[in-house]
Amino acid sequence: MLLLASCASKPPPPPVVQTPAKPVLYEWNGDAIEGPVSVKIVLDEQKAYIYKGTEQAGWTYLASGKGSRASPAGSYRITEKIRDKYSGTWGVLKDAEGNVVDGDARSGREEVPPGGRFAGAPMPYWMRLTGYGMGMHAGHIPHPGRPASHGCIRLPREMAEILYEAVKIGTPVTITGSTPR
């Protein structure tokens, strides 16, 4: 008896390509919790913990200052809230046609091209902590758990909006630890 293999066999299924899941950057359970808000920022972890009264209402990754612009530990209070703020210090330089010619410019330090301008970096949901310009705001968290800013505390946009609505002028913010290298 002769057995013949069929040439009409099914091709193998295509490989399943899985895109990596985005990391969870924050958690908020504070809508059902009562009490005054306080924030504890732990630089070693690059996380903030938000409390209502004594109960933890949420947490978030953050990106604090790095290198010579590390965010300083200490006890602060929110002294100003601005929903749509732009930095007067950090931003980009644009040429006369509006093209970015320097994506990490410091106002007054780099020469503005003829016909160009300095455009301050957006800092939505700004919550000021110091008189010299450090605060919390929405911003890019390029590597959760690692510092990335010029000194401010960057928060994921959704969490920055939640926190902005939850805090008041005078809300205490404690920053502990030291910036990881």
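In the loop that holds Asp95, the backbone nitrogen of Glu97 sits 3.0 Å from a polar atom of the Asp95 side chain. That counts as a polar contact, meaning a pair of N or O atoms within 3.5 Å; within protein, one must be able to donate a hydrogen and the other to accept it, and residues adjacent in sequence count only if both atoms are side-chain atoms. The Asp95 side chain also reaches the backbone nitrogen of Asn99, at 2.8 Å. The loop in question runs between strand 6 and strand 7; strands (E, at least two residues) and helices (H or I, at least four) are DSSP runs, numbered from the N terminus.

A word on the model itself. It is predicted, with local features needing pLDDT of at least 70 and side-chain atom pairs counting only at pLDDT 80 or more, whereas totals for chains, interfaces and linings use all residues. Residues are numbered from 1 along each chain as its sequence is written, and side-chain values use heavy atoms, with hydrogens and water left out.

Back at Asp95, the residue is buried yet has no salt bridge. Here buried means under 20% relative accessible area, exposed means over 50%, and partly exposed is in between (1.4 Å probe, protein chains only). The nearest side chain of opposite charge belongs to Lys94, 8.9 Å away; for this purpose Lys and Arg count as positive and Asp and Glu as negative, while His and the chain ends are not counted.

Now for the charged pairs. Side chains of opposite charge can pair when their charged atoms come close. The cut-off used for a salt bridge is a side-chain nitrogen of Lys or Arg within 4 Å of a carboxyl oxygen of Asp or Glu, and a search of the whole structure turns up 2 of them. One joins Arg128 to Glu80, with N to O at 2.8 Å. This pair ties together distant parts of the chain, since Arg128 is in strand 8 and Glu80 in strand 6, 48 residues apart. Arg128 counts as buried at 18% relative accessibility, whereas Glu80, at 25%, counts as partly exposed. Glu165 and Arg83 form a salt bridge as well, their closest N and O atoms being 3.0 Å apart. This pair too links distant parts of the chain: Glu165 belongs to helix 1 (residues 157-166) and Arg83 to strand 6, with their positions 82 residues apart in the numbering. Arg83 is partly exposed, with a relative accessible area of 36%.

Strand 6 turns up again at the largest pocket, which holds about 730 Å³ of space. Ser87, Trp90, Met123, His150 and Cys152 are the closest to its centre among the 35 residues that line it. On a 1 Å grid over the protein atoms alone, a pocket is an open set of points where a 1.4 Å probe fits, with protein on both sides within 12 Å along at least five of seven lines, and lining residues have an atom within 4 Å of a point. Grid points are joined across faces, edges and corners, and the volume is the space filled by probe spheres set on the points. Strand 6 (80-94) gives the largest share of the lining, 8 residues. Strand 7 (100-106), strand 8 (117-128) and strand 9 (135-138) are also among the strands that each supply at least two. By type, the lining splits into 15 nonpolar, 14 polar and 6 charged residues. In that count Ala, Val, Leu, Ile, Met, Phe, Trp, Tyr, Cys and Pro are nonpolar, Asp, Glu, Lys and Arg are charged, and the others, Gly among them, are polar.

As for the backbone, Tyr125 has a phi near 60°, a positive value in a residue other than glycine. Tyr125 is part of strand 8 and counts as buried, at 8% relative accessibility. Gln46 also has a positive phi, near 55°. Gln46 lies in the loop between strand 2 (37-42) and strand 3 (47-52), and is buried with a relative accessible area of 0%.

Pro122 is in strand 8 too, but counts as exposed, at 52% relative accessibility. Its C-alpha is 8.3 Å from that of Gly139, 17 residues away in sequence. Gly133, in the loop between strand 8 and strand 9, is partly exposed at 32%. Finally, Lys10 lies in the segment before strand 1 (26-28) and is exposed, at 78% relative accessibility. Lys10 and Arg154 are 53 Å apart, C-alpha to C-alpha, and 144 residues apart in sequence.
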